[in-house]
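Work through the exercises below with the sequence and the model side by side, and try each task before reading its solution.

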Amino acid sequence: MAVDRPDLGFAVKEVCRSMSSPSELDVQKLKKIGRYLVEVGNTRIVFEWNACLKRVHGYSDSDFAGNEKRTSTSGGIIFFGGAVIKGWSKQQKV
C-alpha cells in the first residue's frame with residue numbers, strides 16, 4: 001500500500017515493524033490508518049502532458065536517533081513533472 005500511496009509511507013513502515021508479534025497498540029495504529037483511508041477516499045496521481053518536464057524535484061528529511069530504541073529514520077520523495085516517481089521511509093538497522 002505504501003508504494004501506491006506516498007502519504008502512507010511512514011505510517012505503513014511503522015506498523016510493519018511489529019507484525020511478527022503485534023500488540024493492541026498495533027491494532028489501534030491499523031485502525032487509525034483505516035479511518036484515514038475512509039476519510040480521504042481514493043487518490044490519484046495525474047501526470048499532465050503540459051507540465052514542466054525539465055526538472056526533477058526532491059525532498060528529504062531525517063530523524064537521528066529519535067525513538068525509544070535510538071534508531072534513525074530517513075525519508076524522502078522525488079517528483080517529475082508534478083507526479084511522484086519515488087517515495088521512501090527507511091530505518092537504520094540496529
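The exercises go from the overall layout to the sheet, the helices and a single residue.

The model is predicted, so local features need pLDDT of at least 70 and side-chain atom pairs count only at pLDDT 80 or more, while totals for chains, interfaces and linings use all residues. Residues are numbered from 1 along each chain as its sequence is written, and side-chain values use heavy atoms, with hydrogens and water left out.

**Exercise 1. Describe the layout of the protein along its sequence.**

Step 1: Begin with the elements, which are DSSP runs numbered from the N terminus, helices being H or I with at least four residues and strands being E with at least two. The protein has two helices and three strands, and along the sequence they follow the pattern α-α-β-β-β.

Step 2: Turn to burial, where buried means under 20% relative accessible area, exposed means over 50%, and partly exposed lies in between (1.4 Å probe, protein chains only). Of the 94 residues in the protein, 19% are buried.

Step 3: Consider contacts, meaning heavy atoms within 4.5 Å. Among the contacts in the protein with a separation of 6 or more, 37% are between residues 24 or more positions apart.

**Exercise 2. Work out in which order the strands of the sheet lie.**

Step 1: Two strands pair if DSSP finds at least two bridges between them. Strand 1 (residues 56-63) and strand 2 (residues 73-80) run antiparallel and are joined by eight bridges, with serine 60 opposite glycine 76 in strand 2.

Step 2: Strand 2 is also joined by eight bridges to strand 3 (residues 83-91), again in antiparallel fashion. Here threonine 73 stands opposite glutamine 91, and serine 74 has lysine 90 as its bridge partner.

Step 3: Look at the link between strand 2 and strand 3, which form a hairpin with two residues between them, and where glycine 81 in the turn has a positive phi of about 65 degrees.

Step 4: Put together, this gives an open sheet of three strands in the order 1-2-3, with antiparallel pairing. Strand 1 and strand 3 are the edge strands, each pairing on one side only.

**Exercise 3. Determine how helix 1 packs against helix 2.**

Step 1: Axes are lines fitted to C-alpha atoms, for helices over the stretch in contact, and angles between N-to-C directions run from 0 to 180 degrees. Helix 1 (residues 9-16) and helix 2 (residues 24-40) pack at about 155 degrees, with their axes 10 Å apart. Helix 1 is therefore roughly antiparallel to helix 2, a label given to angles over 145 degrees.

Step 2: At the contact, Ala11, Val12 and Val15 in helix 1 meet Lys29, Leu30 and Ile33 in helix 2. These residues divide into five nonpolar, no polar and one charged, where Ala, Val, Leu, Ile, Met, Phe, Trp, Tyr, Cys and Pro count as nonpolar, Asp, Glu, Lys and Arg as charged, and the others, Gly among them, as polar.

Step 3: Helix 1 also lies across strand 2 and strand 3, running at about 30 degrees to strand 3. Its buried residues are Gly9, Val12, Lys13, Glu14 and Val15, and what covers them includes helix 2, strand 2 and strand 3.

**Exercise 4. Decide whether leucine 30 is buried, partly exposed or exposed.**

Step 1: Leucine 30 belongs to helix 2, and with a relative accessible area of 42% leucine 30 is partly exposed.

Step 2: Not counting residues up to four places away in sequence, leucine 30 touches Val15 and Met19. Leucine 30 and valine 15 are 15 residues apart in sequence and 7.1 Å apart in space, C-alpha to C-alpha.

Technical notes: Angles under 35 degrees count as roughly parallel, over 145 as roughly antiparallel, 65 to 115 as roughly perpendicular and the rest as oblique.
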